[in-house]
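Colleague: Got a minute to go through this model with me? I'd like to know what stands behind the labels.

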Amino acid sequence: MVDALHTTLQESKTDQVLIDRYAGEAAEIVGAENVSANQADLLSTCRDYWPVGNIWRAEGSVPALPQLVVWPHNTEEVSRLLALADREKIPVTPFGEGSGALGGVVPLRGGVTFDLKRMNKVRAIDEKNLLVTVESGLNGALYEEQLNHAGYTGGHFPQSLRCSTVGGWLSCRAAGQFSTRYGKIEDIAVSLEAVLPDGTIFSGRNVPRTATGPRVDHFLLGSEGTLGIITSATLRIWPLPEKRRLAAYTFERLEDGLEAIRLFMRAGTRPAVVRLYDSQETGNHFPDLGDERCALILLIEGAAKIVEAEASVIEDCVQSRGAESAGYKHVEHWLEKRFDISVASMLFQKGAVLDTIEVSTNWHNAHSTYRTMQEALLGVEGTMLVSGHYSHVYPEGAALYMTTVGFPGEDKIAYYKKIWQVAMKACLAEGSAFSHHHGVGLHRGLWMAEEHGTGLDVLRRIKKALDPHEIMNYGKLGLGEVQKWQK
Ligand SMILES: Cc1cc2nc3c(=O)[nH]c(=O)nc-3n(C[C@H](O)[C@H](O)[C@H](O)COP(=O)(O)OP(=O)(O)OC[C@H]3O[C@@H](n4cnc5c(N)ncnc54)[C@H](O)[C@@H]3O)c2cc1C
């Protein structure tokens, strides 16, 4: 059945004789039960949450298929399996839980997918230094649960917490909903252990900071499986907060809310959650607030005295921009609903093309980027709704998260390409960065040259040096030609 399945983006496959030989040798390393060419395993690791993959799946095809899946248990096994693949020049795709949004796990050249979920141990919690060392395949929710049990939090709560891994977060530079206090994952990561394509294992030091040259392990952050496999990481942890305060406000205009946030970040406060919704999203998420004002929800946590002081500074800043208090119940509602994406599934089933596009803005262009992207997206025939909110805020700016919904009729893929072309053009013209946390994957590789300029050539040279046989996650991060998707 797998052979008969239509693949839309498969660029090539490895000679089956080589794959069979690799399977035999891999079985000696990880055990025969941890090597599979079974159709269910190939299908379940062949794609992620990229909407294009979902559209094709609904039509009975997949973007591409691996030829084999392996489940290593530890770093040593990853090293031996990778060295073997490198020797035979067999393509390798790392797979966490496949929650990526941009086709990052699509095995364009077939080969072997490394499903890392069996590498799922918390190796050590270091209470004195507030560090945890954890294997990369551990599920996000299980990771946080284990930390909570010991009296700590990892401070990282992506909406995909329950369907993503620690290694996926590090590979994509993920951001959690509490990032304004705890940081993005690259701020939380102290050091990484990883395996390079030739099987070399290296690990960074767990000291707070170094001035010993560029950090090789940090270089893997955001590399999306193109330079090697992250096998474990040492991350910061925090004692569970003593106090939490919730507060919601509304503003007449989005710009007023943005200015209030800029002011309290400038004053040095770091609330864990800061989310400012445009009027459409305010109406959708909090119907009792109506759809004419813009809601800001805040969650401040930590030591009780610090929380009180932060709340007081924030109150002054939001009042200075004409905020109306909306109590705290809307934040409770958000906390209850924050992992619920059922509306997206419902719209998909009704034939909608829905996607989210998160970009990184500075304060001077945070609002104009929203306006320009919204106008561009609404200009595409078939688009019904474009809304946005800001979250993950910094002293220097904020992430802008746009949601776009369209009913394009027949050619959904052409429509999808069109909305991304106009959105990325608008974002880059504003001087904003084209991704804040979803990453690049396969799809956003199309804009890497515009995003990085000569920097892309530097990345390509590094890729060539570390992965001369181009075995690692071919065609991602804009590092290799992707013939079929580019057309
Ligand atoms: C409903 C939903 C909500 C989301 N919310 C958020 C959010 O709030 N914040 C956010 O940042 N993202 C979010 N995402 C995107 C996604 O969850 C993240 O990108 C996540 O980090 C991916 O983790 P994963 O384990 O599923 O990785 P996968 O999708 O399996 O892989 C992602 C990429 O990393 C590579 N990779 C995976 N593991 C390793 C490893 N150990 N070593 C090297 N390369 C590896 C893969 O090859 C691939 O290129 C969301 C996605 C969905 C579907």
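Modeller: Sure. Let's begin with a loop: Leu477 sits between helix H18 (455-466) and helix H19 (483-486). Keep in mind that this is a predicted model.

Colleague: What makes the phi of Leu477 worth a remark?

Modeller: Its sign. Leu477 has a positive phi of about 60°, although Leu477 is not a glycine. Lys89 is another case, with a positive phi of about 55° and again no glycine. Lys89 is in a loop too, the one between H4 and E5.

Colleague: How do you know where the domains of the protein chain begin and end?

Modeller: From the domain assignment, which gives domain 1 (6-116), domain 2 (122-239), domain 3 (243-337) and domain 4 (348-437).

Colleague: What makes you say that domain 1 and domain 2 are in contact?

Modeller: Contact means heavy atoms within 4.5 Å. By that cut-off, 15 residues of domain 1 are in contact with 19 residues of domain 2. The C-alpha centres of the two domains lie 24 Å apart.

Colleague: And how much area do domain 1 and domain 2 bury between them?

Modeller: About 1400 Å², with 64% of it on carbon and sulfur atoms. On the domain 1 side, Thr75, Leu82 and Glu97 lose the most area to domain 2, and together they make up 38% of what that side buries.

Colleague: What holds for salt bridges across the interface of domain 1 and domain 2?

Modeller: To count, a side-chain nitrogen of Lys or Arg has to be within 4 Å of a carboxyl oxygen of Asp or Glu. The rule finds zero such bridges across this interface. Polar contacts are another matter: five residue pairs turn up there, both partners at pLDDT 80 or more.

Colleague: Which elements give two or more residues to the side of domain 1 that touches domain 2?

Modeller: Helix H4 (75-88) and strand E5 (92-95). H4 gives the most, with seven residues. By class, that side has seven nonpolar, five polar and three charged residues.

Colleague: Now the ligand. Why is the Ser99 pair called a polar contact?

Modeller: The cut-off for a pair of N or O atoms is 3.5 Å. An oxygen atom of the ligand is 2.6 Å from an N or O atom in the Ser99 side chain, so the pair qualifies. A ligand oxygen is also 2.8 Å from a polar backbone atom of Gly98, and a ligand nitrogen is 3.4 Å from one of Gly225; both values are within 3.5 Å, so they qualify too.

Colleague: Which of the 34 residues around the ligand come nearest?

Modeller: Pro94, Ser99, Ser160, Thr165 and Ala175.

Methods: Residues are numbered from 1 along each chain as its sequence is written. This is a predicted model: local features need pLDDT of at least 70, side-chain atom pairs count only at pLDDT 80 or more; totals for chains, interfaces and linings use all residues. Side-chain values use heavy atoms; hydrogens and water are left out. Domain bounds come from an automatic or database domain assignment. Buried area is the accessible area (1.4 Å probe) that two parts lose on being put together, summed over both. A polar contact is a pair of N or O atoms within 3.5 Å; within protein, one must be able to donate a hydrogen and the other to accept it, and residues adjacent in sequence count only if both atoms are side-chain atoms. Helices (H or I, at least four residues) and strands (E, at least two) are DSSP runs, numbered from the N terminus. Ala, Val, Leu, Ile, Met, Phe, Trp, Tyr, Cys and Pro count as nonpolar, Asp, Glu, Lys and Arg as charged, and the others, Gly among them, as polar. A residue is near a molecule or strand if one of its heavy atoms lies within 4 Å of it.
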